[in-house]
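This report goes through one protein chain, feature by feature. Please keep the sequence and the structure in view while reading.

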Amino acid sequence: MAHVLVVDDDFSIRQVIRFALEDEGYSVDEAPDGEAALAAIDLHHPDVILLDMRMPGMDGWDFVERYREHHGHRAPIIILTASQDPFRGRAEIPPENHLAKPFDLDVLLERIAALVERAAGEEG
């Protein structure tokens, strides 16, 4: 079973995503900010990270920088943002891994499934 970390300061968004992912058979951890996300990763490394960019404290870009310093590109990151410039870090995150808020939950689930399938193919 693939493991997904949902990082968003909006509790209701985390809950909607959690319920949808668990319904699809994923295990899910949640974090309200970048610091909490890094702590969660230390306990259980995810297969995919869903990341809001605008959060209090450590924002998404700072999280990406710190995550990559410690873990490289181990887990793919999908950016979820309402930002006017979601591609600011396109060098770090491929454009196909960006979803603008509000996003279509089915599209999000398809992207997660594709990343998990791709990772499984690389392991095998």
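## A negative patch on the surface

Asp23, Glu24, Asp104, Asp106 and Glu110 together form a negative patch on the surface. The model described here is a predicted one. One member of the patch, Glu110, is part of helix H4, which covers residues 105-123. Glu110 has a relative accessible area of 56%. It is classed as exposed because that value is over the 50% cut-off.

## The chain as a whole

How many helices and strands are in the chain? There are four helices and five strands. Read from the N terminus on, their order is β-α-β-α-β-α-β-β-α.

The chain has 124 residues, and 44% of them are buried. Its accessible surface is about 6,700 Å², and carbon and sulfur atoms account for 49% of that area. Contacts can also be sorted by how far apart the partners are in sequence. Of the contacts with a separation of 6 or more, 64% are between residues 24 or more positions apart.

## Arg18 and its partners

Six salt bridges are found in a search of the whole structure. One of the pairs is Arg18 and Glu30, whose side chains meet with an N to O distance of 2.4 Å. Arg18 is in helix H1 (residues 11-23) and Glu30 is in strand E2 (residues 27-31), so this salt bridge ties together parts that are twelve residues apart in sequence.

Is Arg18 buried or exposed? Its relative accessible area is 19%, so Arg18 counts as buried, the cut-off being under 20%. Glu30, with a relative accessible area of 23%, is partly exposed. The pair also belongs to a network of salt bridges that links Arg14, Arg18, Glu22 and Glu30.

## A salt bridge between two helices

Glu35 and Arg66 form another salt bridge, with their closest N and O atoms 2.9 Å apart. Which parts of the chain does this pair tie together? Glu35 lies in helix H2 (residues 34-43) and Arg66 lies in helix H3 (residues 60-71), so the parts joined are 31 residues apart in sequence.

Both side chains belong to residues with intermediate accessibility values. Glu35 is partly exposed at a relative accessible area of 44%, and Arg66 is partly exposed at 32%.

## Lys101, Asp52 and a cis peptide bond

Lys101 forms a salt bridge with Asp52, and the closest N and O atoms of the two are 3.2 Å apart. This pair links distant parts of the chain, 49 residues apart: Lys101 is in the loop between E5 and H4, whereas Asp52 is in strand E3 (residues 48-52). Lys101 counts as partly exposed, with 21% relative accessibility. Asp52 counts as buried, with 3% relative accessibility.

Lys101 has a second feature, which concerns the backbone. Lys101 and Pro102 are joined by a cis peptide bond, with omega at about -5 degrees. Pro102 is found in the loop between strand E5 (98-100) and H4.

## Two buried residues

Where in the chain is Ile112? Ile112 is in helix H4. Its relative accessible area is 0%, so Ile112 is classed as buried. Leaving aside neighbours within four places in sequence, Ile112 is in contact with Val4, Leu21, Tyr26, Val48, Leu50 and Ile78. One of these partners, Leu50, is 62 residues away from Ile112 along the chain, and the C-alpha atoms of the two are separated by 8.9 Å.

Ala2 lies in the segment before strand E1 (3-7). With a relative accessible area of 13%, Ala2 is buried. Which residues is Ala2 in contact with, leaving aside neighbours within four places in sequence? They are Tyr26, Ser27, Asp47 and Val116. For one of them, Asp47, the C-alpha atom is separated by 6.0 Å from that of Ala2, although the two residues are 45 residues apart along the chain. Tyr26 is among the contacts of Ala2 and also among those of Ile112.

Conventions
Residues numbered from 1 in each chain as written. Predicted model: local features only at pLDDT ≥ 70, side-chain atom pairs only at ≥ 80, totals over all residues. Heavy atoms only, no water. Buried < 20%, exposed > 50% of the residue type's maximum accessible area, 1.4 Å probe, protein only. Contact = heavy atoms within 4.5 Å. Patch = residues over 30% accessible without salt bridge, like charges linked within 9 Å, V, L, I, M, F, W, Y side chains within 5 Å. Areas by Shrake-Rupley, 256 points an atom, 1.4 Å probe, with all protein chains shown as cover. Salt bridge = Lys/Arg side-chain N within 4 Å of Asp/Glu carboxyl O. Lys, Arg positive; Asp, Glu negative; His and termini not counted. Charge placed at Lys NZ, Arg CZ, Asp CG, Glu CD.
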